[in-house]
Amino acid sequence: MPDAGILLYTSDYAAAVAEIEHHGGRVVHRLSDQAFVAQLTEHAAAELRQSATEPGGSLAPAELLLTEAWRQRRSGRPGPAGADSADQVIARNASSDPALAAQERDAAAARQAAGYVPRELSTVLRGSVAVGVVLVSGPGPDLVISDGHYMEAMAEFFDGADYLDGTEPRASLSFVYDPHRVTVDAPNTPTSFHDTYLTFELANRTFLFWESEAGWAAVREITGATSPDISDMTELWSTIWDPAHKVRMSFRLSDGTNDRQYFLIANTSSGRINIRQVRYDAASNTIEMDAPTWSHDGDPAITAYMPFTLEMGGKTRQYFLAANTSSGRTEIREITYDPASQTVRVDSPTWTRQWIPNFTVYMPFSLGSGTSRKQFFLTINTSSGRVEIREITRDQQTGVIVVDSPVWSQQWDPAYTVCMPFTLGTGTSLRQFFLAANTSSGRTEIREITYDPASHAVQVEAPSWSLTWNSAYTVYVPFLHQGVQYFLTANTSTGNIVIRSIVLDPKTKAIIISEPLYNRDWRYERAEGAWRDAAMQHLGYKPGHPGLVDYLEALRARKNAKWSYVAFVTRYAVAWFGYAGANRLVVQWLGRDYPTSPMTVFSHETSHLFGAADEYKDSHCELSTNGYYRVQNRNCENINNSPLDCLMRNNKWRMCGWSRGQLGWVFFSALAPFTLGGRQWVIGQDSEIGHAVIQEVRPDRSVATRLEMPPPAWTAEWSPGQAVYMPFTLAVGGSDNQYVLTASNTSGQVTIRQIEYDTAAQEMSVGKPVWSQDWNPQYTVYMPFTLESGGTKNQYFLSANTESGHVNIRPVWFYAATKSIRVGGPVWARDWSPQYTIYMPFTLERGGTTQQYFLNANTSSGRISIRPISYDAWQVIQVGEPVWARDWDPGYWLYMPFTLDSSGFRRQYFLTGNPVSGRVNIREIRYDVTGAVVVDDPAWSGRWNSALWLCVPIELNGVQYFLTVDNTKGRLYIRPIIAGGSISVGDPVWELP
């Protein structure tokens, strides 16, 4: 494994990097604009002029800490496979923990719902990676990240990143750091969950206000077209306030044109009450809570607040009842909005009474319809069990509020401390119900409340639905979503949140309560969200995942990196000491050696963010497909009886082949283009791990001048060593079917499979072999071509044994009688020099006749020749003598044919490259005036990276491109070939680092 690198300093980072790359080195860690770590030879290091091993000037304190952290690494780069003792990985990620998997889905869904589609942040672990390292301290010495902690944590991170870089040099990894030390005033992880939940609507959206017992308050949207979903880690508003602040009441006021949403917030310690407006900003997709529009010093013993409305003169008036649960004093006040001053006013009490203080539950509801709809409330004495319903009216003459004597009362079990009103039905068939929960036994029941207009009698019916649930579910919140009635219930012991729907059976009119449609405990978010949101807001970003993505996009642009993610390090108590997902990893700093080495946690969790799956048994791993290239998790202990020791299984410093592929470390040894379903595709394989893929090449949907290759449409784990991929088509039943021939250079097995694309489902499939045979594995060259006879195109392929020199041509056809593919015996064969390893088919047209040719090149002597292939008079395949030949540099062994439209003609060209010198030429092949085949001098020449050794032609929308593979640095490029007055090759229009 290469050395970790040399710590260098510079005053001109760009010049220093250019000099290092000129000497064949590269930057592995960019600590700051002045300090970085480069990997290069000692001889090259001695030649450097733009950087030095000692700083040329003073460094900022943060830079000094980072450079000292680099020196504190354990012992250079982590050792080779198996060097460390096994250390069972118990860090978590989305593949091993459903809660983190839900966060991943929520984050993606929230971005999509907001119409925000950023570039992928962590597609493959290749190229430059910007890491925002955010070290979060809290109040008190136990939550402080000291300078010592900071240097230890960064040293461990450097070690973990070094291991990843050294494991696969072709990935050309370069880590760029953006460290931040932030101190926040967030509460530590709560141990109980007596939280506040309120729902409200703004801009035709449903939102949930949630406040933890510890004082973290947040607003999230309730989404979902068919059932409600609360997107985890997607706060639209977040704050940390005094835990004594409790939102007691949500209500709306009209300014004559618009309804405005307000919260009444009471401090249960000081008694201070304020009212704040809540607004939704559609442009930024954020919730804003204004400064108090009304404040009042009240009695902290007033703990029951009940909003309600009354109709008078065609106008809806907003009131609230407030009850002092210590003295028993109960009062009603009106809330109004003054359009002139744009302020809220709370009037003096319009009604007061001295009641028994044990009436602590107040539930408003209305009965009747239209103008005769009446306002009531149900109240419960949670000491005696007395339940009463009273009507609230407003005297039409005096405007005085009147609370009548109970119109219904009963003695219940005093443990029924929760009452949740809701309605079902519409219009005149609207029915009033309430859910009552016994928080001692868990008995939950639903009763209907009816009203007889003739007798003015109110009746609470016997339970129409009942069930015994966990008694710890003491919070019940009703809400409407997409026209359906739901309720949220929360467990105050575990923090679990459940949402169910309530509907009426259309036939029996019975109450139906659904199974949980949403069931989460928010354990990760409860422990992380408060300090994370505060830290991101401290850095100037929105709370939740949207703010995280904004930061990462800005970081990537600022650091000119391909990918980015955040590493949070904190001493706050989190749900698990190390986990990853949703573009961030979280590590609770417990020291350098407990419970597992932090450097392996950093490298393990970083690997998760880039697609690698867990492989240890307790992660519940399975034969899943993971990462950009959708590589199967075949080293998973649960499906593999002999799994390898490696990073994703037991923290060994080894990366198994499956993990490598999942990280995007797929390096194509074979690539071939084909067209199917009117789309352009490439099929290829990494012969080291055997992973095969089909990917589409298409115009970029966001940048008109670029192309894109979306994630693979099809993948498979095939036998390594499939060195040949030869797509071809056959006419079957009036249509052209697409096939691919693959040949192994180890076993010699040759197979043909059909490739199909379902346009409606947009699914690609590659079938089982329709033909297979074991041939000599030394046949490593396969060249497809077609010949036409009597209006029928016949498919053939030439195969060459690059050891013996034997060359033959065989036909391929579809045999209708058995509906099978047939490969015939050789129809032509010769023994040529085995050093002819290049065979390039092409056609030329003259006078309306198309002639098939092939170019073959001897990569030892450099001899190049072009020969025709045709039928003779007896329809026998004949390969003619060379019609053109030259002796060229034998180092040119990369040949790619393509055509271009130029001056109204379709012209034949080929690109040839020397992988040693990097020299690349494009030449035209044509007929001269005498009808002879000629190859012109280069129409274009260039010098590229000598490692570019695979070239695949691709045509899209009439433009010719080619995809090149650099298997030394692991990069893929697509470049256009431009035809005009002269041939030119453009800059890359797509690249994968």
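Select G611 to begin: in this predicted model, G611 lies just after helix α8 and takes a positive phi of about 110°. From there, step back along the chain and select residues 598-609, which form helix α8 itself. This helix has 12 residues, and from its first C-alpha to its last it reaches 16 Å, close to the 16 Å expected at 1.5 Å a residue.

With α8 still selected, show the surrounding chain. Of the 12 residues of α8, 12 are buried, so the helix is largely enclosed by the rest of the structure. If you label them, you will read P598, M599, T600, V601, F602 and S603, followed by H604, E605, T606, S607, H608 and L609. Which elements should you display to see what covers them? The cover includes two helices, α5 (147-167) and α9 (647-650), together with the strands β37 (563-570), β38 (578-581) and β39 (584-588).

Keep α5 on screen, and pick out T167, which is found in this helix. T167 is buried, with a relative accessible area of 16%, and buried here means a value under 20%. Now add R654 to the selection and draw a C-alpha to C-alpha distance: T167 and R654 are 7.8 Å apart in space, although 487 residues separate them in sequence.

Next, add helix α3 (residues 61-71) to the view, and turn the model until both α3 and α5 can be followed along their lengths. Their axes come within 8 Å and cross at roughly 55°, which makes α3 oblique to α5. The crossing of α3 past α5 is right-handed. To see the contact in side-chain detail, show A62, L65, L66, E68, A69 and W70 on α3, and opposite them D147, Y150, M151, M154, A155, F158 and D162 on α5. Coloured by class, the residues of this contact divide into 10 nonpolar and three charged, with no polar residue.

Stay with α3 for one further selection, and ask which of its residues are buried. They are E63, L65, L66, T67, A69 and W70. What covers the buried residues of α3 includes α5 again, and also the strands β1 (6-9), β2 (26-30), β3 (35-39) and β6 (180-183).

Now move to a second helix pair by selecting α6 (residues 523-538) and α7 (residues 544-559). These helices pack at an angle of about 40°, and their axes are 10 Å apart; that makes α6 oblique to α7. Their crossing is left-handed, while that of α3 and α5 is right-handed. On the α6 side, show R532, D533 and M536, which meet G544, G547, L548 and Y551 of α7. By class, this contact has three nonpolar, two polar and two charged residues.

Finally, clear the selections and zoom out to the whole protein, in which there are 10 helices and 70 strands. Taken along the principal axes, the box filled by its C-alpha atoms is roughly 115 × 75 × 60 Å. The protein has 993 residues, and buried residues make up 56% of them. Among the contacts with a separation of 6 or more, 53% are accounted for by residues 24 or more positions apart.

Note on methods: Residues numbered from 1 in each chain as written. Predicted model: local features only at pLDDT ≥ 70, side-chain atom pairs only at ≥ 80, totals over all residues. Heavy atoms only, no water. Axes fitted to C-alpha atoms, helices over the stretch in contact; angles between N-to-C directions. Helix = DSSP H or I, 4+ residues; strand = E, 2+ residues; numbered from the N terminus. Parallel < 35°, antiparallel > 145°, perpendicular 65-115°, else oblique. Left-handed = near helix turned anticlockwise from the far one by under 90°. Contact = heavy atoms within 4.5 Å. Nonpolar A, V, L, I, M, F, W, Y, C, P; charged D, E, K, R; others polar. Expected span 1.5 Å × (residues − 1). Buried < 20%, exposed > 50% of the residue type's maximum accessible area, 1.4 Å probe, protein only.
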